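Reader: I should like to learn how individual features of a protein model are read. Could we take them one at a time?

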Amino acid sequence: MGKTLYEKVFDRHTVRKLPSGQYQLFMGLHLIHEVTSPQAFSMLEERGLSVMFPERTFATVDHIIPTTSQLRPFQDTLAEQMMHALESNTKKHGIRFFSPEAEEQGIVHVVGPERGLTQPGMTICCGDSHTATHGAFGALAFGIGTSQVRDVLATQCLAMDKLKVRRIEINGKLRPGVYAKDVTLYIIQRLGVQGGVGYAYEYAGEVFDDMTMEERMTVCNMAIEGGARCGYIQPDATTFDYLKGREASPQGDAWQRAVDDWTSLRSDPDAHYDDVVVYKAEEIEPVVTWGITPAQSTSVGSKVPTLEQFTEDERPGVQEAYNYMSFAPGQSIAGIKVDVAFIGSCTNGRLSDIEEVARLVERSGLKVKEGVRAIVVPGSHRVKKEALEHGFDKILTAAGFEFREPGCSMCLAMNPDKLKGSELSASSSNRNFKGRQGSSTGRTLLMSPAMVAAAAIRGEIADAREVFDIK
Ligand code: SF4
C-alpha cells in the first residue's frame, strides 16, 4: 500500500522509536521569536548546553513590536527587554536574526516562506501555535511549547506521537468573492475545533490545486484552529514556482534534484487515509464568526444560530458565546456594527491580501466609515516594501485606513495595538477567543480581508460581494 506525504516525511525524519511509544523526530528548521525563546535559552544556559544546529535556527521579532514606529528603545520596557534578550541570545549562539534595523523583520510565518527557508518535505517547528502555516509547502510543521523550544535548541529533535491523516478534499471552483479564509473557516465550521485532534490534515482537490502559495498558507495556518496538529498541501508546480530563486532555495544543479525529490513526496494514489471528507467549492459563501471559537461561524447572509440548532452538549458553550458577544440568537450577521477593522496577521497579512483590498477599495472609490479605526499591518518588511512599490499604502491611506509597520499587531495585541472596552473588531486574524485582541471584554469577528474592508467602509458587517460589486 502507498504512503501519504505525512508518512513519507515522518519516516525520513525519525531518529528512533522511544520507549514511551513516541518517536524522536529530527527538525529540519527551527524558527524562533522573542516570546517563547528567552526562557528556553535560560534553561539551556542552566544546563550548560549550546545550540546544536544554529545554522538550522532563524529568529525574528513579531509579537511585541510596535507598529507605529520601530524606533528603539521601545516605550514598553518589557517589550524592550524581550527584544534585548533575543538580540543577545542570537548573537551569542550564532543564530541568524531577521532584525527590524536591517528591515528583514516580520511575522515568523511570513518571513520563513518568503526567504525560501520553508521547503517541501521538511520538518519545521516554532514556539508558536500557527506554525502549521508552513504545511502549505508540503512540510510537516508543528507549533511547540517553551520546554520543547529548549529541547530543539539543544538536540534539534522533538518527541512526537504519530498522527492519523484526514484528507479534506474540496472540488469545483470557488465563487467570486469567496477566498482562502472562507475555505479554512468553512472547514472548521463543519468539523469543529476538536475535530482534528490526533490528526494531520491533508488538503486536496481542485480548490487547493488552484490556490496560490499565499492562499495555501492562509488555509494551513488555521489547521490548528480545527484541532489538527498540522496541515499540509502537496507540493506542485505552484510551490516550485514560488520557491525558485529565493535566497534559501536550492540553487544551480541542486534545484532540479530538489524538485525531483519534492515531487516524490506527494501522497501515493493508493495511500491509506484514516478519514476522508469531501466538500463542494460551490457550497462555500463568505464566512463570518459570531462566537468565541473559530468554529462558531456562519455565512454572511445568515443569522446567529439559535440554541435549538445545537446538541445539548454544545448549548452551554453557545450560550457563553451569546453572552460574551452580546448577540441574540436569530440576529442577522450583516448589519452588526464594528468599531475596529484589522487587516494583518500570519493568516492574512501577505502582499496578496493587501493587494486585493487595495484593488477593491481603489475600484470602488469608497472610504472607511467615520468612527471606525481601520488598520492594515503588513506581515513583514518585505511585504511592506512591495506594497509601497505598488502604491497600495497610498490607496489605502487615501481611503481612510492606517498603513503600519510590520508585526503581529492586533492579532494577539501583545504590543500597543489593542481593542478598548467591549469594542467589536472585524479581523482578518485567526482567533476570536475572549480577550484575544487586548481587551478582556473586546469582541472579534473573523473573516477574509475583503470582508474586513467591507465592514470598515460600511461601519457594520456587510457582504463584500455587494459592497465592492464582486461578480
Ligand atoms: S500573527 Fe497572531 S497567530 Fe500569527 S504569529 Fe503573530 S500572534 Fe501568532
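Author: Let us begin with a loop. Pro73 is found in the loop between β4 (57-60) and α3 (77-93). Please bear in mind that this is a predicted model.

Reader: Which residue is joined to Pro73 by a cis peptide bond?

Author: The partner is Arg72, and omega for this bond is about -10°.

Reader: Which residue in the loop between β17 (402-403) and β18 (424-427) is buried at 0% relative accessibility?

Author: Ser409 lies in that loop and counts as buried, with 0% relative accessibility. Although Ser409 is not a glycine, its phi is positive, about 55°. Ala413 also has its place between β17 and β18. Ala413, again not a glycine, has a positive phi of about 60°, and its relative accessible area of 6% makes it buried.

Reader: How many disulfides does a search of the whole structure find?

Author: The search finds zero. A disulfide requires two cysteine sulfur atoms within 2.5 Å. The cysteine sulfur closest to that of Cys230 belongs to Cys220 and is 9.1 Å away, so the distance is too far for a bond. Cys230 is buried, at 0% relative accessible area.

Reader: What lines the largest pocket?

Author: Its lining comprises 18 residues, and those nearest the centre are Ala295, Gln296, Phe310, Glu314 and Val318. Two or more residues each come from α6 (180-191), β14 (297-299) and α11 (315-325); α6 gives the most, with three. By character, the lining divides into eight nonpolar, seven polar and three charged residues. The space in this pocket is about 370 Å³.

Conventions
Residues numbered from 1 in each chain as written. Predicted model: local features only at pLDDT ≥ 70, side-chain atom pairs only at ≥ 80, totals over all residues. Heavy atoms only, no water. Buried < 20%, exposed > 50% of the residue type's maximum accessible area, 1.4 Å probe, protein only. 1 Å grid on protein atoms, 1.4 Å probe; cavity = no way out; pocket = protein on both sides within 12 Å on 5 of 7 lines; lining within 4 Å. Points joined across faces, edges and corners; volume = space filled by probe spheres on them. Helix = DSSP H or I, 4+ residues; strand = E, 2+ residues; numbered from the N terminus. Nonpolar A, V, L, I, M, F, W, Y, C, P; charged D, E, K, R; others polar.
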